[in-house]
Structures are given as structure tokens and as C-alpha cells.
Amino acid sequence: MSRRILIAGNWKMNKTSAEGAELVNGIRSALTDCCADKLPEVLVCPPFLDIATAVCAAKGSAVEVGAQNVHWASSGAYTGECSTAMLLDAGCTHVIVGHSERRQYFGETDATVNKRAKAAVDAGLVAVVCVGETLEERESGATTKVVGRQVREAFSGFSANDMSKVVVAYEPVWAIGTGKVATDEQAQEVHAFIRKTLGEMFGSECGDSVRILYGGSMKPGNAAGLLKQKDIDGGLIGGASLKADDFVAIIKAAMA
């Protein structure tokens, strides 16, 4: 089954609004001469305060804009959170859910990931749901146990139709921001396991159609090898998404 490559940039807590607009303009300018038929889906996920200017800068281009988090409630006393309606009103098409940094630093759990992802999908946003193991879990041989649990709990109560609005991002926690990266074979092995798990949950057709991104220190130097793997459908890019040249180099690697 053909799955369109998605190259997504997670800016994390970086860039002012002006810097974000400059970055988007640099990306769209570099993609102007690219063949539209070969271009992967391109997404940037700025901090909340940068979304409006990023949407404005991306208008009329192939660049889509998403958020880095969303709350499950439609409104209420949830200081510091944003609702799906707010994200849609700002022009977002996607939202990242359950990033390891949210789990590590801000108390995100499998249960809250499930609630956030379901709210996003129900509202019409594409939920980019992150899963992945720590170094300790990998070294103890628990990778499939941990990732399998995260996948099953993240999508508990979802239907196969819901999954059409889901992208999974496998991000080995030990490779995020460390400069380390899973080998092509290690990444493919876990991606294949995730696809198998989704097939068991929702049927083989759904398992074959859901896109699974690699999210552990993908950069221009290793993108081509990772993106050639059968079950890797793109990347959730951190540091390399903060420089237009690096981000565009990964996009072009996906077009090769």
C-alpha cells in the first residue's frame, strides 16, 4: 500500500514568532522548484505563540502547521493548555501528542495520551502520536513490551476509521537530542512491530495504511537510509528542523 511520506518538524521551545516566520519562508522558498508530484507532506509544529505567524507565512505553500500538544476538554479551568477548537481556529491541521518530553517532564501518561489523541481526531485534527522506549528499557530487552503497551493504550477505544486521522511517531527516547540514532535496521524492526500491532488491533488494511514516522535524531546525514526502510514513512524532526537548509535536505532525501 502506498503511504505518502510525511516530514514533520517539532520546533519544541524554540523560535520567536519573527524567527518562526523566517524559518517557514526559508523552507517554502527552497521548495519552490520541487516537483509537486514528488513532494512529501511537509509539516512544522511551532510553539503555541508562533502558530499564527507560521500559518500566515505558510499560506499558499505546501507547508502545513501543527501544534505540539492539545487538551482533551473543549474548554475549562486548565491553565496553560489549548483546546482543539483553538488550534483549528489558529489554522492547525495536525497536533503532536505524547512526545517523550511531555511524558518525562510534564506527567503525561498512556491514559492522557489516549484522551488527547481521541479529542484531536474527533475534532478533525491529525494526531501525531509518539511512542518509544528509554535506553534502560532497550538494554533490558523490553522495547516491544513498552512500545506495544504504549500503542495499545494510546489507541484504546479508537475505531479503524479514527486511525485514518492518526500518524504514529516512533521515537526511541535514548536517541532524542543525544546525537545517537537507531540503525536503519533497529528502526525498521520497531516500525514493523508497530505496524503488526496496529494490524492486530484494527485489521491488516488499517495496519498497512497508518503512517509511522521515525523520531530519533533524524538529520540530513542519516535520513536517506532510514527513509528507504519498508515501514518508515517519514520523520518527526527535532534539532534539524530549526534550520531551513537541514530540514529541506531531509525533505529532498525523501524525494530521492
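This passage describes strands, crossovers, nonpolar cores and two unusual backbone angles in a predicted model.

Strand 2 spans residues 41-45, and E41 lies in it. E41 is buried, since its relative accessible area is 10%, against a cut-off of under 20%. The side chain of E41 is joined to that of H94 by a polar contact of 3.2 Å. Beyond its neighbours within four places in sequence, E41 is in contact with R4, I5, L6, I7, E64, H94 and R211. Two of these contacts can be placed in the strand numbering. E64 falls within strand 3 (residues 63-67), and H94 falls within strand 4 (residues 94-97).

Strand 2 and strand 3 run parallel and are joined by 3 bridges. One pairing across them is that of V42, whose bridge partner in strand 3 is V63. The connection between these strands includes helix 2 (residues 51-58). Strand 2, helix 2 and strand 3 together form a right-handed β-α-β unit. Strand 3 itself is largely enclosed by the rest of the structure, because 4 of its 5 residues are buried.

Strand 3 also pairs with strand 4. The two run parallel, with 2 bridges between them. Here A67 has V95 of strand 4 as its bridge partner. From strand 3 the chain crosses through helix 3 (residues 84-90) to strand 4, and this β-α-β crossover is right-handed.

Strand 6 (residues 166-170) and strand 7 form another parallel pair, joined by 4 bridges. Within this pair, V168 stands opposite I212 of strand 7. Strand 7 is covered on both faces. R211 and L213 are buried on one side, and I212 and Y214 are buried on the other. R211 is also one of the residues in contact with E41.

The nonpolar residues were examined next. In soluble globular proteins, nonpolar side chains tend to be buried together. The largest nonpolar core of this model holds 69 residues, of which I27, F155 and I194 touch the most other members. Helix 11 (residues 244-255) supplies the largest share of this core, 8 residues. The surroundings of F155 include both nonpolar and other residues. Not counting residues up to four places away in sequence, F155 touches N114, V129, M163, V166, V168, L198, M201 and F202. Of these, V168 is the residue that stands opposite I212 in strand 7. Another core lies apart from the largest one. This second core has 12 residues, among them L6, I96, L213 and L236. L6 also contacts E41, and L213 is one of the buried residues of strand 7.

Two loop residues have notable backbone angles. Most residues other than glycine have a negative phi. K15 has a positive phi, near 85°, and is not a glycine. K15 is found in the loop between strand 1 (6-10) and helix 1 (17-30). With a relative accessibility of 30%, K15 counts as partly exposed. S217 also has a positive phi, of about 60°, although S217 is not a glycine. S217 sits in the loop between strand 7 (211-214) and helix 10 (220-227). At 17% relative accessibility, S217 counts as buried, because the cut-off is under 20%.

Terms used:
Residues are numbered from 1 along each chain as its sequence is written. This is a predicted model: local features need pLDDT of at least 70, side-chain atom pairs count only at pLDDT 80 or more; totals for chains, interfaces and linings use all residues. Side-chain values use heavy atoms; hydrogens and water are left out. Buried means under 20% relative accessible area, exposed over 50%, partly exposed in between (1.4 Å probe, protein chains only). A polar contact is a pair of N or O atoms within 3.5 Å; within protein, one must be able to donate a hydrogen and the other to accept it, and residues adjacent in sequence count only if both atoms are side-chain atoms. Contact means heavy atoms within 4.5 Å. Two strands pair if DSSP finds at least two bridges between them. A crossover is right-handed if, with the strands pointing away from the viewer, the path from the first strand over the helix to the second runs clockwise. A nonpolar core is a set of buried Ala, Val, Leu, Ile, Met, Phe, Trp, Tyr and Cys residues joined through side-chain atoms within 4.5 Å.
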